[in-house]
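Biologist: Could you take me on a close look at the metal site and the pockets around it? I would enjoy one connected walk through that part, with the neighbouring details added where they help.

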Amino acid sequence: MDKLIITASICGAEVTKEHNPNVPYTIEEIANEAKRSYDAGASIIHLHVREDDGTPTQSYERFRACIMAIKEKCPDVIIEPSTGGAVGMSNDERLGPVFLKPEIASLDCGTCNFGKDDIFVNTESTIRYFAKKMVEFNVKPEIEVFDKGMIDTAIRLYKEKVLKVPLQFNFVMGVRGAIDASLMNLAFMEASIPEGSVYTVTGIGRHQFTMAAMAAAAGGHVRVGFEDNIYLAKGVIAKSNGELVEKAVRISREIGREIASPKEAREILHLKHKGE
Ligand code: KMH
Ligand code: ZN
């Protein structure tokens with residue numbers, strides 16, 4: 001089994017300081033949270049950015065500033081900008097960070113309800129448009145799936161040569177409106193991806209660490225962070241993303257699986273370091 005790659009989703013677009021005062025907004029706060037996560041064992045930072053007042057933005061300039069600040073503190077960490085942005089953003093707005101040519105970026109492969117009243121819209125035309133832009137800018141897509149049908153969409157795009165192997169998936173499990181977080185569903189998702197693919201598991205809310213444990217045991221990889229969960233344990237607000245990463249590291253080491261460095265993660269994911 002490969003070493004475990006930990007992705008830290010440090011900021012997200014929906015979670016706020018009202019939920020957890022430690023959610024980062026400013027460039028300095030985002031860079032500090034990335035550093036805490038990296039020091040704890042994260043090799044990938046899944047990055048959303050905010051204006052100083054917390055408003056989510058996909059601005060090229062804001063991403064550039066945040067990425068530079070993160071690289072200053074952790075030069076070798078893998079930075080994976082989001083192209084999901086926040087619900088309601090336009091496609092071209094969402095694509096902003098792709099023009100920075102990161103090594104990797106998220107590619108959301110379907111539409112789903114997102115919480116009580118929101119819909120996260122990713123039509124097939126949108127997915128194709130984003131995938132083609134990523135190929136053009138030499139950015140590896142991490143295929144975000146919130147439901148099993150999104151895996152099938154990705155496979156269709158791979159068969160049409162829009163996406164290239166090895167495919168890299170992130171199974172987001174437990175969003176209200178999409179696939180639930182359970183062992184049975186994880187086994188189903190894992191069995192549905194092409195051989196040779198790599199997958200990460202993101203358990204939402206209280207499912208974060210149960211799903212992390214299952215993924216670590218099954219040979220998948222793990223994502224933790226404020227974007228997905230703000231609690232270290234029931235009723236205990238996490239002081240930083242670093243605490244969440246530390247817990248994922250403890251779980252993995254307890255079952256005998258070591259943690260991948262950024263260099264090892266690049267090897268597992270077939271990424272090329274584009275560091276200046
Ligand atoms: N903020 C969500 C609507 C991604 O990063 O690609 C979508 C999201 C997925 O976070
Ligand atoms: Zn995200």
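Modeller: Happily; what follows starts at the metal, moves on to the ligand and the pockets, and ends with some details of the backbone and side chains. Please keep in mind throughout that this is a predicted model.

Let us begin with the zinc ion, which is ligand 2. Its protein donors are His46 and His48, each through NE2, together with Glu227 through OE, and they lie 2.1 Å from the ion. Along the sequence these donors follow the spacing H-x1-H-x178-E. Histidine 48 and glutamate 227 therefore link distant parts of the chain, 179 residues apart. Histidine 48 sits in the loop between β2 (44-47) and β3 (49-50), while glutamate 227 sits in the loop between β12 (221-224) and β13 (231-233).

How buried or exposed are these two donors? Histidine 48 counts as buried because its relative accessibility is 3%, under the 20% cut-off. Glutamate 227, with a relative accessible area of 22%, is partly exposed.

Now to ligand 1. The residues around it include the zinc donors His46, His48 and Glu227. The others surrounding ligand 1 are Glu14, Ser82, Gly84, Gly85, Val87, Ser106, Asp108, Phe114 and Phe120. Some distances to ligand 1 are worth picking out. Serine 82 places a polar side-chain atom 2.7 Å from an oxygen atom of ligand 1, and a polar side-chain atom of aspartate 108 also lies 2.7 Å from an oxygen atom of ligand 1. Glycine 85 takes part through its backbone: one of its polar backbone atoms is 2.8 Å from a nitrogen atom of ligand 1.

Several of these names return in the largest pocket, whose volume is about 700 Å³. It is lined by 35 residues, and those nearest its centre are Glu14, Phe114, Ile204, Glu227 and Asp228. Two elements give two or more residues to this lining, namely β6 (104-108) and β8 (118-120). By character, the lining of the largest pocket divides into 12 nonpolar, 13 polar and 10 charged residues. Glutamate 227 thus appears in each part of the picture so far: as a donor of the zinc ion, among the residues around ligand 1, and among those nearest the centre of the largest pocket.

The second largest pocket has a volume of about 440 Å³. Its lining has 19 residues, and Asn138, Val139, Lys140, Pro141 and His270 are the closest to its centre. The elements that give two or more residues here are α4 (124-136) and β9 (140-145), with β9 giving the most, 3 residues. This lining divides into 11 nonpolar, 3 polar and 5 charged residues.

Asparagine 138, one of the residues closest to the centre of that second pocket, deserves a second glance. It lies in the loop between α4 and β9 and has a positive phi of about 60° although it is not a glycine. With a relative accessible area of 57%, asparagine 138 is exposed. Lysine 101 also has a positive phi, near 55°, and is a residue other than glycine. Lysine 101 is found in the loop between α3 (91-94) and β6, and is partly exposed at a relative accessible area of 45%.

One more backbone feature belongs here. The peptide bond from valine 165 to proline 166 is cis, with omega near -5°. Proline 166 is placed in the loop between α5 (148-159) and β10 (168-173).

To finish, here are two side-chain contacts. Glutamine 208, in helix α7 (residues 208-218), counts as buried because its relative accessibility is 1%. Its side chain is joined to the side chain of asparagine 229 by a polar contact of 2.8 Å. Serine 90 lies in the loop between β5 (78-81) and α3 and is partly exposed, with a relative accessible area of 39%. The side chain of serine 90 reaches the backbone nitrogen of glutamate 93 at 3.1 Å. Serine 90 and valine 121 are 31 residues apart in sequence, and their C-alpha atoms are 9.8 Å apart in space.

Notes: Residues are numbered from 1 along each chain as its sequence is written. Chains are lettered from A and ligands numbered from 1 in the order in which they are written. This is a predicted model: local features need pLDDT of at least 70, side-chain atom pairs count only at pLDDT 80 or more; totals for chains, interfaces and linings use all residues. Side-chain values use heavy atoms; hydrogens and water are left out. Donors are N, O and S atoms within 2.8 Å of the metal (3.2 Å for Na, K and Ca); water is not among the atoms, so sites may look incomplete. Helices (H or I, at least four residues) and strands (E, at least two) are DSSP runs, numbered from the N terminus. Buried means under 20% relative accessible area, exposed over 50%, partly exposed in between (1.4 Å probe, protein chains only). On a 1 Å grid over the protein atoms alone, a cavity is a set of points where a 1.4 Å probe fits but cannot get out, and a pocket is an open set with protein on both sides within 12 Å along at least five of seven lines; lining residues have an atom within 4 Å of a point. Grid points are joined across faces, edges and corners, and a volume is the space filled by probe spheres set on the points. Ala, Val, Leu, Ile, Met, Phe, Trp, Tyr, Cys and Pro count as nonpolar, Asp, Glu, Lys and Arg as charged, and the others, Gly among them, as polar. A residue is near a molecule or strand if one of its heavy atoms lies within 4 Å of it. A polar contact is a pair of N or O atoms within 3.5 Å; within protein, one must be able to donate a hydrogen and the other to accept it, and residues adjacent in sequence count only if both atoms are side-chain atoms.
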